[in-house]
Amino acid sequence: MIKNNIQTQDNKQQSLLFTPLRIKGVTLKNRIGVSPMVTWQAVDGIPNDFHIAHYGQFALGGVGLVMVESTAVEPRGRITPADTGIWNEEQVEPWRRITTLIKSLGSVPGIELAHAGRKASTSVLSYSSKSMATDCENGWSTIAPSAIPFGDGIDKVPKEATLDDIEVLQQAFVSAAVRAVSAGFEIIDLHFAHGYLISTFLSPISNQRTDRYGGSLKNRMRFGLETARRVREVIPKSMPLFVRISVTDYADNGWDVNDSVEFAKQLKAVGVDVIDCSSGGVVNDIMYSTLNPSDVQHKASAQIQSEAGIATTAVGKIVDPLKAEALLRDNSATLVLIGRALLNNPHWPYTAADLLATEHTFKYHVSYDYSIGWHGFYNWRKNMQNDN
Ligand SMILES: Cc1cc2nc3c(=O)[nH]c(=O)nc-3n(C[C@H](O)[C@H](O)[C@H](O)COP(=O)(O)O)c2cc1C
């Protein structure tokens, strides 16, 4: 017990999790971010009161970064009919309400811009069983690098994108990025992972094109690199640009971690600031339960950071604050993104602060500080510790 206390004091003095992080013109007050998570609560792509409550809770809970969910850059790119979108002006103002709220609570709002490619048009009612959107959900035609369906219930054969289609798709990312800036987002995360559109261009399993967008690694990376470069050109120079990749397909002859390192180097050259390291999603029959994706992602994050010389995120099964701290200390990542642990407890940063932060490195929201923070009238935290 005493040893734990000493350990805690020691951690508090050195906590990296609660050390602010500056990326370009943006400063995160700590290195805890919400990992993007779809909620499937939108109508016509427009965020509503649910999204205000949902994203507000994380900002109030003290995270440095609230990265909102996979948000479609065109209607055809929605995973389900209930995805959020940012393909038209009508969607901008509702997003601005959310970014204003997040900023007023001291966090930075970010958005993941996405296109689901061949995994679009699935049913929101039964996504877990992976079926296509029914006619009553107005299912739509999908598009991908090659006319190969994902399978596993997502069986619609996508249209093979023509060069004109590629221009339209890239422009959709560019226009969405411009709207995201005008909606008040301060970070953009391009979704190049999980078997969605750009991920399928990267992987030789899903990309069997014979033109300049298929074949060699250089050609398969072209769509993503062009998109990242074009987005970089239209957003403010001071704005951080993240790219979420799948570091591996977990499949023979698929995309792997060495490809990810090469891609990261080239993304860095076109002005990307952070590689957000996720994995999988291109191949449908992977038994993830027999793998350890979190460990794979954390190790790839370390490798990409060291070999490509670019900031990275560690994501996956980060629940214990000491684990988050350790990932930063051993140079596995520059910041951590947390998904399910924050859904379970949006005040996870409060729990982490108990272990790692000091009053100088973590500020409770003023309304809560009074009752449970460092300067609380009730001094709840101190009393709890003394009681123990
Ligand atoms: C409910 C849910 C929705 C998700 N939606 C997205 C998404 O919109 N975009 C994305 O890149 N990843 C998505 N993910 C993956 C998470 O961002 C995260 O990488 C994954 O859950 C692992 O982190 P965790 O173990 O902390 O939850 C989702 C995960 C969950 C659980």
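How many residues surround the ligand, and which are the closest? I put this to a predicted model, and I counted 15 residues around the ligand, with S35, P36, E112, K317 and R340 as the closest.

Entry on confidence. Before reading any contacts I looked up the pLDDT, and I found a chain mean of 92, with 90% of the residues reaching 70 or more. Confidence is lowest in helix α1, residues 2-14, where the mean is 49, whereas strand β6, residues 108-114, has the highest value, at 99. Over residues 1-8 the pLDDT stays under 50, and for this stretch the model has 2 contacts beyond four places in sequence.

Entry on polar contacts of the ligand. I looked first at the side chain of E112, one of the closest residues, and noted that one of its N or O atoms is 2.7 Å from an oxygen atom of the ligand. For R340, also listed among the closest, I noted a polar side-chain atom that lies 2.7 Å from an oxygen atom of the ligand. At V38 the backbone takes part, with an N or O atom lying 2.8 Å from a nitrogen atom of the ligand.

Entry on cover. I then looked up how much of the ligand the protein hides, and found that, of the 610 Å² of accessible area the ligand has on its own, the protein covers 79%.

Entry on the site. I last asked which pocket the ligand occupies, and I noted that the space it takes is the largest pocket.

Notes. Residues are numbered from 1 along each chain as its sequence is written. This is a predicted model: local features need pLDDT of at least 70, side-chain atom pairs count only at pLDDT 80 or more; totals for chains, interfaces and linings use all residues. Side-chain values use heavy atoms; hydrogens and water are left out. pLDDT is the predictor's confidence in each residue, from 0 to 100. Helices (H or I, at least four residues) and strands (E, at least two) are DSSP runs, numbered from the N terminus. Contact means heavy atoms within 4.5 Å. A residue is near a molecule or strand if one of its heavy atoms lies within 4 Å of it. A polar contact is a pair of N or O atoms within 3.5 Å; within protein, one must be able to donate a hydrogen and the other to accept it, and residues adjacent in sequence count only if both atoms are side-chain atoms. Accessible areas come from the Shrake-Rupley method with a 1.4 Å probe; for residues, only the protein chains shown count as cover. On a 1 Å grid over the protein atoms alone, a cavity is a set of points where a 1.4 Å probe fits but cannot get out, and a pocket is an open set with protein on both sides within 12 Å along at least five of seven lines; lining residues have an atom within 4 Å of a point. A molecule sits in a cavity or pocket if more than half of its atoms lie within 2 Å of its grid points.
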